[in-house]
Amino acid sequence: MGPRGHRWGPGRGWGHGRGRGRGGWQQADLPSADDASAWFSGRLPEGWFTEAPMVVVDREEITVVGQLPPLEGDFADDAERSAAEAGRISRFREETRDERIEIARQAEHRYGRKVAWGAKIGSTEELFTTLSVPVMTRLRQEERLILDTLVDAGVARSRSEALAWAVRLVGEHADEWLTSLRTAMSKVDDLRAQGPEL
C-alpha cells in the first residue's frame with residue numbers, strides 16, 4: 001500500500017489522488033478521486049455485492065472489494081467452509097470478468113489510475129489483481145542494518161521484502177496517526193488549490 005493509501009472502509013475512498021511536487025502533494029498531477037466510492041457504488045451492477053463496496057485509492061491504483069452473499073448450508077468444519085468460500089469467490093471472479101474489465105476501463109479513463117478487484121465472504125477475502133509498484137529510496141548504514149537483520153533472521157528474503165514488511169508493520173500499528181496525517185495533508189492541499197494564481 002502506497003503512502004497515500006488507506007485501509008478501506010465501507011463505501012469510502014480514502015486517497016485524494018495527488019502527486020508529489022516541489023511544494024508537497026499537488027492536486028493538479030492526477031484527476032481527483034474523491035468521488036470514486038460513490039462512482040463505483042452507482043456503476044456496479046445490482047446484485048454483485050450485498051453492500052456498498054470498500055474502495056481504497058492511492059496515486060497509482062483504485063482497489064474495489066465487495067461483500068458477496070453468505071453461503072447457505074452446513075459445513076463439516078472451518079476448513080470446508082473456507083474452501084467453499086474460496087470457490088464462491090472464484091466463481092464470482094470468472095462470471096464477472098468481462099464486465100469488470102469494462103468498468104475498470106471507464107474508471108481508469110475517469111481517474112487516471114489502474115483498478116484492482118477483490119471479493120470477500122465470511123472470513124475469506126481475495127484480491128484478484130493488484131499493482132506492485134517499485135519505490136526507490138536511499139538508506140544510511142544503520143537503516144540498512146535493520147533490513148539485513150530481518151533478512152538474516154529469515155523474516156524476509158531480501159532487503160526490498162524486508163522494507164515492504166516494515167511498511168506493513170507501521171501501517172498496522174500506526175493507522176490512527178496515519179489517518180490524522182492524511183486528513184491534515186488533505187486540508188493543506190485544498191487550501192493550496194484555492195489560493196491565488198501566481
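**Entry 1: a valine in a loop**

How exposed is Val133, as a relative accessible area? I looked it up in this predicted model and found 41%, which puts Val133 in the partly exposed class. Val133 sits in the loop that runs between strand 6 (124-127) and helix 4 (141-152). I then checked its company on the surface: Leu131, Val133 and Val135 make a nonpolar patch of about 270 Å².

**Entry 2: how far to trust the model**

I looked at the confidence next. The mean pLDDT of the protein chain is 83, and 85% of its residues reach 70 or more. Residues 1-28 stay under 50 in pLDDT. Where pLDDT is low, the predicted coordinates should not be read in detail. I keep that in mind for the 90 contacts beyond four places in sequence that the model has for residues 1-28.

**Entry 3: the layout**

I counted six helices and six strands in the protein chain. Starting at the N terminus, their order is β-β-α-β-β-α-α-β-β-α-α-α. Of the 198 residues, 33% count as buried. I also noted the accessible surface, about 12800 Å², with 51% of it belonging to carbon and sulfur atoms.

**Entry 4: the core**

Nonpolar side chains tend to be buried together in soluble globular proteins. Here I found that the largest nonpolar core holds 23 residues, and that Phe40, Leu44, Ile62, Val64, Val115 and Trp117 have the most contacts inside it. Among the elements that each supply at least two residues of this core are helix 1 (36-43), strand 4 (61-67) and strand 5 (114-121). I picked Phe40 for a closer look: leaving out residues up to four places away in sequence, Phe40 touches Ile62, Val64, Ile103, Ala107, Val115 and Trp117.

**Entry 5: salt bridges**

How many salt bridges does a search of the whole structure find? The search gives seven, and I wrote down three.

- Arg91 and Glu95 meet through their side chains at 3.7 Å, N to O. They are four residues apart in helix 2, so about one helical turn separates them. Arg91 is partly exposed at 47%, while Glu95 is exposed at 59%.
- Asp148 forms a salt bridge with Arg159, with 2.8 Å between the closest N and O atoms. This pair links distant parts of the chain, Asp148 being in helix 4 and Arg159 in helix 5 (residues 159-173), eleven residues apart. Asp148 is partly exposed at 22%, and Arg159 is partly exposed at 41%.
- Arg157 and Glu161 pair up at 2.9 Å, N to O. Arg157 counts as exposed at 73%, whereas Glu161 is partly exposed at 26%.

Key. Residues numbered from 1 in each chain as written. Predicted model: local features only at pLDDT ≥ 70, side-chain atom pairs only at ≥ 80, totals over all residues. Heavy atoms only, no water. Patch = residues over 30% accessible without salt bridge, like charges linked within 9 Å, V, L, I, M, F, W, Y side chains within 5 Å. Areas by Shrake-Rupley, 256 points an atom, 1.4 Å probe, with all protein chains shown as cover. Salt bridge = Lys/Arg side-chain N within 4 Å of Asp/Glu carboxyl O. Buried < 20%, exposed > 50% of the residue type's maximum accessible area, 1.4 Å probe, protein only. Core = buried A, V, L, I, M, F, W, Y, C linked by side-chain atoms within 4.5 Å. Contact = heavy atoms within 4.5 Å. pLDDT = per-residue confidence, 0-100.
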